[in-house]
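Student: I would like to work through this model with you, taking one question at a time and reasoning each answer from the geometry.

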Amino acid sequence: MKSVEIKRRVRWPDVDASGRIYYARIFDYVSEGEWELLHSNGLSRKELGKIYDFPRVHAECHFKKMIELGAEFSLRIWPGRLGRTSIRYNFEVFLEMDPGTAAAQGSITVVVICDGKPAAIPPQIRTAYAE
């Protein structure tokens with residue numbers, strides 16, 4: 001399955017008092033990656049959003065290293081599993097100063113909603129992610 005990588009630097013609003021990334025803020029970067037993944041596969045979240053909603057129903061992240069204020073990192077995200085009505089996106093975070101070992105890894109799961117009910121993954125997403 002296809003993946004994308006985004007490069008970022010940990011921002012001031014994303015750290016806690018210790019100067020390390022606040023755990024929940026990693027998902028802001030993951031959301032950016034999800035958008036880039038859709039976009040890079042020729043899909044428009046704006047257009048899909050006219051028919052479907054994609055709420056997150058599960059999110060997890062395992063931090064293996066400290067990710068501190070100002071740290072440059074790359075985040076790679078890919079569709080890990082396509083169910084009937086849900087998509088699990090897997091991700092890994094690598095620090096620029098130590099690119100050999102993941103500093104964090106995890107996943108988010110979204111469910112496809114249409115008219116307030118779970119719906120089949122849109123065919124254009126399934127096709128794009130299957131290639």
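The dialogue that follows moves from the sheet to its side chains, and the model it discusses is a predicted one.

Student: In what order do the 5 strands of the open sheet lie?

Tutor: The 5 strands form an open sheet in which the pairing is antiparallel, and the twist from one strand to the next averages 20°. Strand 1, residues 4-9, and strand 2, residues 56-63, each have a single partner strand and therefore stand at the edges, with one side left without a neighbour in the sheet. Strand 1 pairs with strand 3 in the antiparallel sense over 6 bridges, while strand 2 pairs with strand 5, residues 104-111, in the antiparallel sense over 7 bridges. Read across the sheet, the order is 1-3-4-5-2.

Student: How many residues lie between strand 3 and strand 4 in their hairpin?

Tutor: Strand 3 covers residues 72-82 and strand 4 covers residues 86-95, and the two pair in the antiparallel sense over 9 bridges. Within this pairing, S74 has F94 in strand 4 as its bridge partner. The two strands form a hairpin, and the number of residues between them is 3.

Student: At about what angle to strand 1 does helix 1 run?

Tutor: Helix 1 is made of residues 26-40 and lies across strand 1, strand 2, strand 3, strand 4 and strand 5. With angles taken between N-to-C directions on a scale from 0 to 180 degrees, the angle of helix 1 to strand 1 is about 140°.

Student: Is S74 buried or exposed?

Tutor: S74 is found in strand 3, and, leaving aside its neighbours within four places in sequence, S74 is in contact with E5, I6, K7, E92, V93, F94 and E96. Because buried means under 20% relative accessible area, the value of 7% for S74 is enough to settle the class. S74 therefore counts as buried.

Student: Which residue of helix 1 forms a salt bridge with R8?

Tutor: R8 lies in strand 1 and stands opposite F73 in strand 3. The side chain of R8 also meets a carboxylate in a salt bridge with an N to O distance of 2.7 Å, and this pair links distant parts of the chain, 24 residues apart. R8 is partly exposed at 28% relative accessibility, and the partner in helix 1, which is partly exposed at 25%, is E32.

Student: How far apart are the closest N and O atoms of R9 and E72?

Tutor: R9 is partly exposed at 47% relative accessibility, and E72 is partly exposed at 37%. R9 and E72 form a salt bridge, and this pair links distant parts of the chain, with R9 in strand 1 and E72 in strand 3, 63 residues apart. The closest N and O atoms are separated by 2.5 Å.

Student: Is E92 buried or partly exposed?

Tutor: E92 and R76 join their side chains in a salt bridge at 3.2 Å, N to O, with E92 in strand 4 and R76 in strand 3, 16 residues apart. R76 counts as partly exposed at 28% relative accessibility. Since the cut-off for the buried class is under 20%, the 19% of E92 falls within that class, and E92 is therefore buried.

Student: How many salt bridges does a search of the whole structure find?

Tutor: Besides the pairs just discussed, R11, D14, R25 and D28 are linked in a network of salt bridges. A search of the whole structure gives a total of 11.

Student: What is the area of the nonpolar surface patch made by Y22, Y23 and F63?

Tutor: F63 is found in strand 2 and is partly exposed, with a relative accessible area of 34%. Residues of such a patch need over 30% relative accessible area, so the value of 34% for F63 meets that requirement. Together, Y22, Y23 and F63 make a patch of about 320 Å².

Student: What value is phi of D115 near?

Tutor: Most residues other than glycine have a negative phi. D115 has a positive phi although this residue is not glycine, and its place is in the loop between strand 6, residues 113-114, and strand 7, residues 117-118. D115 counts as exposed at 75% relative accessibility, and its phi is near 55°.

Technical notes: Residues are numbered from 1 along each chain as its sequence is written. This is a predicted model: local features need pLDDT of at least 70, side-chain atom pairs count only at pLDDT 80 or more; totals for chains, interfaces and linings use all residues. Side-chain values use heavy atoms; hydrogens and water are left out. Two strands pair if DSSP finds at least two bridges between them. Helices (H or I, at least four residues) and strands (E, at least two) are DSSP runs, numbered from the N terminus. Contact means heavy atoms within 4.5 Å. Patches are made of residues with over 30% relative accessible area and no salt bridge: like charges are joined within 9 Å, nonpolar side chains (Val, Leu, Ile, Met, Phe, Trp, Tyr) within 5 Å. Accessible areas come from the Shrake-Rupley method with a 1.4 Å probe; for residues, only the protein chains shown count as cover. A salt bridge is a side-chain nitrogen of Lys or Arg within 4 Å of a carboxyl oxygen of Asp or Glu. Buried means under 20% relative accessible area, exposed over 50%, partly exposed in between (1.4 Å probe, protein chains only).
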